Every structure is written in structure tokens, then in C-alpha cells.
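Me: I want to check the labels on this model one by one. Please set each value against its cut-off.

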Amino acid sequence: MKTRETLAELFRSEAGCAPVEWVVADGLVGYDDAVAQMERRAGLIADGLVPERVWLVEHPPLYTAGTSAKDADLIAPERFPVHRSGRGGQFTYHGPGQRVAYVMLDLKRREPDLRRFVAALESWLIATLDGFNVKGERREDRVGVWVRRPEKAVRGGHAMAEDKIAAIGIRVRRWVSFHGISLNVEPELSHFDGIVPCGVSEHGVTSLVDLGLPLTMADVDVGLRREFERIFGPTVSAPAG
């Protein structure tokens, strides 16, 4: 059986398709607003009326529950607003300092294969991290991108310790994707304590700044766009809205 790593090939659209719009939101975007905009845009993409889009946002502090979320994994329900989401996955946190990229692509123009699409998203994140000399890794038993933390293993007396640095949660309607990925640049990591992130209690979370890399969101956006284009094809800057 093919692993997600072997599935992770280029995921380009058919020749002649318009470049993917690349949009960076100003300020913090409310979650319900974001979902409404994504759903509207995904419908227009499915109808062939507008180009595909990647929308980069930051949210105010909040928790989201995916379709597989377990109530017991919400440890502090009063801490931040909790949004029930139609994306796949379990509980996750979004907040300032975390880059969320909502990926609205027409998989019919690329390949209607969800496993390959998830593998391509993982490859995008891993390549972006590699550009900052961070070794991100995939795990076959859990989605997302992980970094090994040998210093934590030594302190805790464990054979190996690892932290999650990026999450993936998607939804597909009429073969158009929405929701997407989140990459921890400099969020408040203690905010993850109110949930069991993605249902995984035995590992922690980290960020680029936590790993000792004083990167700005603009630095990360440049890396994300470069590696997105390598895997998914060309982009064009577009205004928010």
C-alpha cells in the first residue's frame, strides 16, 4: 500500500487553467466569517465562475472542533469560543501568530484523490519548513507535520519526543476543497492547553519561534508561496475580499 509520502507528487491543475489567487487578509478574521466566505467561494469555483484561491489569515483566539472531535478533548470549554466545524479532524486552536491558509482548489482539474491531496499539503508544509532549516516529518498514523525534540526526550527520560508544528483539516464539496492548513509561527503555545490538539495527548506543540527562529509572518508567507507554486502551480496576488 502506498504511504502518504509516496503519494506526495506534484498536484498541478490542467494546462490552461488560471493561476491560483493568492490573498493575504488584513487584521484578524472572525472564524464564522471565514467559513462563510470559503463556502461561497468554493461554490463559485465549482461552477467555474472564479479562479481557485489560497487565503492566508490569522484568527482571534478560538478552538474549532472537526467532524471527529471528542467532547472529552475539550479541556477548558470556557477559555475561548468553540466553533463546530465541518472540516475533517478533531480539536485544534487558532489564534494570532499562527498562519492559517485556506486552500480552495478544484480537485477535478488536478486529481480527485483526497489521500494524494492531503499528502501534497503535507509536502507543501515540509518543504516550507525545510527552507527555514527545520526538519518537518509526516506520520502515517496521524495527519499533520511534526518535529523531533531530542532535548525534551533527554529531560523527560523518553526515547523520543516530538511536537506538532502544523495541522491539516480539509473539507471537499463538489470536488472543491476548503479549510486547509495551519502553521505555528509565534502563537501563544499555552493556548493549546485548553484542548487535546488533534486528539494526540502524548506529544506537544511547538512553533518556529519556539524552535529559536525569530521569523515574521511575512517571512513565512514568502516561503509558503514559493513552495506552493512548486507543488500546485503558479499564483497571482489578489486583493482581500
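**Labels and their cut-offs**

Reply: Strand β3 (residues 62–65) runs parallel to β4, and three bridges join the two. One bridge pairs Tyr 63 with Val 82 in β4. The model is predicted: local features need pLDDT of at least 70, side-chain atom pairs count only at pLDDT 80 or more, and totals for chains, interfaces and linings use all residues. Residues are numbered from 1 along each chain as its sequence is written, and side-chain values use heavy atoms, with hydrogens and water left out.

Me: How do you know that β3 and β4 count as paired?
Reply: Two strands pair if DSSP finds at least two bridges between them. β3 and β4 have three bridges, so they pair. Strands themselves are DSSP runs (E, at least two residues), as are helices (H or I, at least four), numbered from the N terminus.

Me: What makes β4 and β5 edge strands?
Reply: The open sheet has three strands in the order β4-β3-β5, with mixed pairing. β4 (82–84) and β5 (91–94) each have a single partner strand, so one side of each has no neighbour in the sheet. Neighbouring strands here are turned by 25° against each other on average, direction ignored.

Me: Which strands pair with β1?
Reply: β1 (residues 20–28) pairs in the parallel sense with β12 (residues 235–237) over three bridges. Trp 22 stands opposite Ser 237 there. Five bridges join β1 to β2 (residues 53–58), also running parallel. Val 23 has Trp 55 as its bridge partner in β2.

Me: Why is Asp 163 called buried?
Reply: Buried means under 20% relative accessible area, exposed over 50%, partly exposed in between (1.4 Å probe, protein chains only). Asp 163 has 2%, so it counts as buried. It belongs to strand β9 (residues 162–173). Contact means heavy atoms within 4.5 Å. Beyond four places in sequence, Asp 163 touches residues including Val 145, Trp 146, Arg 149 and Thr 206.

Me: What makes the pair of Asp 163 and Arg 149 a polar contact?
Reply: A polar contact is a pair of N or O atoms within 3.5 Å; within protein, one must be able to donate a hydrogen and the other to accept it, and residues adjacent in sequence count only if both atoms are side-chain atoms. The side chains of Asp 163 and Arg 149 make such a contact at 2.8 Å.

Me: Why is Glu 39 called partly exposed?
Reply: Glu 39 has 32% relative accessibility, so it counts as partly exposed. It is in helix α2 (residues 31–46). Leaving aside neighbours within four places, Glu 39 contacts Arg 171, Arg 173 and Phe 178.

Me: Why are Arg 174 and Trp 175 called partly exposed?
Reply: Arg 174 has 48% and Trp 175 has 35%, so the label fits each. Arg 174 is in the loop between β9 and β10 (176–184), as is Trp 175. Neither is a glycine, yet phi is positive: about 55° for Arg 174 and about 65° for Trp 175.

Me: Why are α3 and α5 called oblique?
Reply: Angles under 35 degrees count as roughly parallel, over 145 as roughly antiparallel, 65 to 115 as roughly perpendicular and the rest as oblique. Helix α3 (residues 114–130) and helix α5 (residues 217–232) pack at about 135°, with axes 9 Å apart. The pair is therefore oblique. Axes are lines fitted to C-alpha atoms, for helices over the stretch in contact, and angles run from 0 to 180 degrees between N-to-C directions.
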